[in-house]
Amino acid sequence: MFKLRYPMIALASAIFGAFAAIGLYAYYVPLPKDAMVRGEVLQDVDARSWLNGAMSEVFPTRTVEAAPEAEPLQKRDGLLADFTFSVDGEARTIEALYETQNMLGLVVLKDGVIAHESYAPGYGPGTLFTTWSVVKSITSTMVGVALEDGLIESVSDPLSKYLPEVRGTAYDGVTIEQTLQMASGVDFDRESMNDSVTFLTDAPITAERSAFDLALSFPRGAEPGTRFNYNTAETQLLLELIRRVSGKTAADYLSEALWQPLGMRYNAAWILDAPGEDGAEIGGAMFNATLRDWARFGWFMAQDGAWNGERLVQADWVAQATRSTEPHLMRGNVHPDPELGYAYQWWTRADGTFQASGAYGQLIYVDPANGLVIAKASAWPDARVGAFAEETTAMARALADWDFNVPGGEDSVPATTVISEDIPPNRETRAERSEPAAPAQPANSALAVPSVKPIQSPPADQPEPVQEPGDGMGVAESRFIDPDSE
């Protein structure tokens, strides 16, 4: 039988399978209404565009607090006004991606400055886009911060040193590094997508079991450190490791260790495996944040783990995390794209670029040598569309060659001005504000003809609305910004 060695290829099938399982289960044991709602929206292909910008409105979340005084990013207008890139000899534009790929938003940073920002209708700078598997790279980086903080002694340590529950399971004897590399030897989705169905159904959808317990339930199929196997449940062990050694929720540790030090502009919303205080964040998917903050995180990695002169993670950690070294992680062995290798939950390339990728076209692309970061949210029809991935890579390489010093990429006198990002928002909770909550956006609002009007900063006396996802069912209020009104 065909072995599913490659990530995301059949994720859509897993989601549909999860809901088939839910349907059978609900026939005999009726599910709570909220679980049924989650199942229905996840299987509705027509609602995917809406859902990828509203996941935190459907699932229970925990807030990742942004910086009280958000550090502004700078913007330069007009730098990509005439930008095109080529695919098989055919010229393409960024604007066309909104129609051909159902792109929902794009932020391009050049040397830490916003060189391009655009969104489809119904989305804007405050939209909390779901990352899908992009968050695996954030979880990995949190392990690096915990190492820097002295909470973890070495990635060569076995998981059991910090998580005694793994003793007697398939993860007994597996090291932190092998888990980071998805090389534990544990079988997950090797023969089918049944394990993903179980993980989705029993944890975030129905909250029947904790994601950590589920991650420990899969069998071993190979010697640790000898085989790559893409395993979303495996990232849950890293997430639990962070929770355990820090003594905090993953959301709180991320806020203190990275989100606030990086001056993130918006609160993020992390989906839980169960509502309430006992719920744990999902380590390998379902993290929700703005594209500007995705891009900020990418720029931090492009600077080898330093931000404004402060080292948050060691440069050698970044090098290890973004460079393939083991034979079973090298290009051609881990992904349908033969250019991609794997490291510490990052996809790597021979040219030194690396990326965090998520199902349906989510991406943080980092090109340190050229000072380039691309953050892109999409709603592809399938978990992975090879032609779309190749087109995105072609765009990234053309951007690396583009002259950002002047408008249009030509050697002429610059005519742009540098403006600061939107002023820091008022972070009052919804209960403290007198105005009513923003109305829900129609589910099909993102399916209209896209607009790529550049985002302009609002007047200083008119701060943009800010989301406040709570600890329960989070509602991302700021996602209802109309980009054409700014």
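How do the residues of the lining of the second largest cavity divide into nonpolar, polar and charged? I shall begin with that point, and then turn to the nonpolar cores and to two individual residues. Please bear in mind throughout that this is a predicted model.

The lining divides into 9 nonpolar, 8 polar and 4 charged residues. The cavity itself has a volume of about 260 Å³, and the structure holds 3 cavities of 30 Å³ or more. Among the 21 lining residues of this second largest cavity, those closest to its centre are Gln355, Ser357, Leu363, Trp380 and Ala389. Three elements each give two or more residues to the lining: strand β14 (354-358), strand β15 (362-367) and helix α13 (386-401). Of these, α13 gives the most, with 4 residues.

Let me move to the cores. In soluble globular proteins, nonpolar side chains tend to be buried together. Here, the largest nonpolar core has 108 residues. Within that core, Ile176, Trp270, Phe287 and Phe297 have the most contacts. The element that gives the most to this core is helix α11, spanning residues 291-302, with 8 residues.

Phenylalanine 297 merits a closer look. Leaving aside residues up to four places away in sequence, Phe297 touches Ser137, Ile138, Thr141, Leu258, Leu262, Met264, Trp346 and Ile364. Apart from the largest core lies another, of 19 residues, which includes Ala54, Met55, Leu200 and Met286.

Leucine 200 brings me to the first of the two residues. Leu200 is found in helix α7, residues 194-205. Its relative accessibility is 11%, and it therefore counts as buried, the cut-off being under 20%. The C-alpha atom of Leu200 is separated by 9.8 Å from that of Ala233, and the two residues are 33 residues apart along the chain.

The other residue is arginine 62, in strand β1, residues 61-64. Is this charged residue buried or exposed? Arg62 is buried, because its relative accessible area is 8%, and the limit is again 20%. What does its side chain reach? The side chain of Arg62 reaches the backbone oxygen of Gly276 at 3.2 Å. The same side chain also makes a polar contact with the side chain of Glu281, at 3.0 Å.

To close, I would recall two points for discussion. The lining of the second largest cavity includes 4 charged residues beside its 9 nonpolar ones. Arginine 62, for its part, is buried and has a polar contact with the side chain of glutamate 281. Thank you.

Key. Residues numbered from 1 in each chain as written. Predicted model: local features only at pLDDT ≥ 70, side-chain atom pairs only at ≥ 80, totals over all residues. Heavy atoms only, no water. Core = buried A, V, L, I, M, F, W, Y, C linked by side-chain atoms within 4.5 Å. Buried < 20%, exposed > 50% of the residue type's maximum accessible area, 1.4 Å probe, protein only. Contact = heavy atoms within 4.5 Å. 1 Å grid on protein atoms, 1.4 Å probe; cavity = no way out; pocket = protein on both sides within 12 Å on 5 of 7 lines; lining within 4 Å. Points joined across faces, edges and corners; volume = space filled by probe spheres on them. Nonpolar A, V, L, I, M, F, W, Y, C, P; charged D, E, K, R; others polar. Polar contact = N/O pair within 3.5 Å; in protein donor to acceptor, adjacent residues only side chain to side chain.
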